[in-house]
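Me: I would like a close look at one part of this model, with its surroundings worked through in order. Please keep the answer connected and stay with what the coordinates support.

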Amino acid sequence: MKKPHKPILFAAISAGLLLGACDNDKFPEEEIVVKDNVSFALDIQPILTLECATCHNPSEAEPDLREGFAYGSLMNLEEGAIVPGNAEGSELVEMLEWAEGVDNPMPTAGRMSPLKIALIKKWIDEGALDN
């Protein structure tokens, strides 16, 4: 019977150890840091245009989130949709985070990136200003 070659045996053992170790190396999620003074025009409107305005426009669904209409449309939503100074208390954030029990998570095409959601939350926490 032939003895296995040492390099092959070494490679097989190394691969097994490496693959086994990968399962135990779980890194905690990094906290997303968002700048202060989030601008509706520069930071939020581009997100709404890219992620929301395809459906949220006069011919599809309210509110109208196209550029030039989005801020007014958002501020005219029912009470609780956006609570300036309180992102966690805003229904919009629950919808964007696809929170459990939310009937209409947004966007319907798939989840928005955590950075985009963090920007929207920061904008709301800073007072949801038209800046």
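What is the relative accessible area of K35? From there, please go on to helix α2 (40–51) and what surrounds it.

Reply: The model is predicted, and every value below is computed from it. K35 has a relative accessible area of 44% and is therefore partly exposed, since that class lies between 20% and 50%. Its side chain meets that of D43 in a salt bridge, with 3.1 Å from N to O. The partner is covered: D43 has 14% relative accessibility and so counts as buried, that class being under 20%. This bridge thus joins a partly exposed lysine to a buried aspartate. In general terms, oppositely charged side chains can pair when their charged atoms come close.

D43 is one of the buried residues of α2; the others are F40, I44, Q45, I47 and L48. The list holds nonpolar residues such as I44 and L48, but also D43 and Q45. An α-helix has 3.6 residues a turn, so residues three or four places apart point the same way. Such spacing can be read off the list, for example in F40, I44 and L48, or in I44 and I47. The cover over the buried residues of α2 includes α3 and α5 (114–125).

At the start of the helix, a side-chain oxygen of S39 comes to within 3.3 Å of the backbone nitrogen of A41. A41 itself is in α2, and at 48% relative accessibility it is partly exposed. Beyond the residues up to four places away in sequence, A41 touches P46 and N131. Its C-alpha is also 8.7 Å from that of E67, a residue 26 places away in sequence.

I44 shows how the buried residues of α2 are tied to the rest of the chain. Leaving out residues up to four places away, I44 touches V38, S39, L119, I120 and W123. Of these contacts, L119, I120 and W123 are buried residues of α5. I44 also belongs to the largest nonpolar core, which has 24 residues; I44, L48, I120, W123 and I124 have the most contacts inside this core. α2, α3, α4 (91–96) and α5 each give two or more residues to it, and α5 gives the most, with 6 residues. As a general matter, nonpolar side chains tend to be buried together in soluble globular proteins.

Since α5 is part of the cover of α2, that helix needs a look as well. Its 12 residues should span 16 Å at 1.5 Å a residue, and its end C-alpha atoms are 16 Å apart, which agrees. The buried residues of α5 are I117, A118, L119, I120, K121, W123 and I124, and their cover includes α2, α3 and α4. After α5 comes G127, whose phi is positive, near 110 degrees. The charged member of the buried set, K121, forms a salt bridge with E88, the closest N and O atoms being 2.8 Å apart. This pair links distant parts of the chain, with E88 in the loop between α3 and α4, K121 in α5, and their positions 33 residues apart. E88 is exposed, at 52% relative accessibility. A network of salt bridges links E88 and K121 with E97.

On the C-terminal side of α2, the loop that leads to α3 (70–75) holds H56. H56 is buried, at 13% relative accessible area, and its side chain reaches the backbone oxygen of P63 at 3.3 Å. Apart from neighbours within four places in sequence, H56 is in contact with A61, E62, P63, D64, L65, R66 and M106. Two of these contacts, D64 and R66, form a salt bridge, with closest N and O atoms 2.7 Å apart. Here too the two partners fall into separate classes: D64 is buried at 6%, while R66 is partly exposed at 31%.

For scale, the protein chain has 5 helices and 0 strands, and 29% of its 131 residues count as buried. Its salt bridges number 6. Among contacts with a separation of 6 or more, 51% come from residues 24 or more positions apart. The accessible surface is about 9400 Å², with 58% of it belonging to carbon and sulfur atoms.

Note on methods. Residues numbered from 1 in each chain as written. Predicted model: local features only at pLDDT ≥ 70, side-chain atom pairs only at ≥ 80, totals over all residues. Heavy atoms only, no water. Helix = DSSP H or I, 4+ residues; strand = E, 2+ residues; numbered from the N terminus. Buried < 20%, exposed > 50% of the residue type's maximum accessible area, 1.4 Å probe, protein only. Polar contact = N/O pair within 3.5 Å; in protein donor to acceptor, adjacent residues only side chain to side chain. Contact = heavy atoms within 4.5 Å. Areas by Shrake-Rupley, 256 points an atom, 1.4 Å probe, with all protein chains shown as cover. Core = buried A, V, L, I, M, F, W, Y, C linked by side-chain atoms within 4.5 Å. Salt bridge = Lys/Arg side-chain N within 4 Å of Asp/Glu carboxyl O. Expected span 1.5 Å × (residues − 1).
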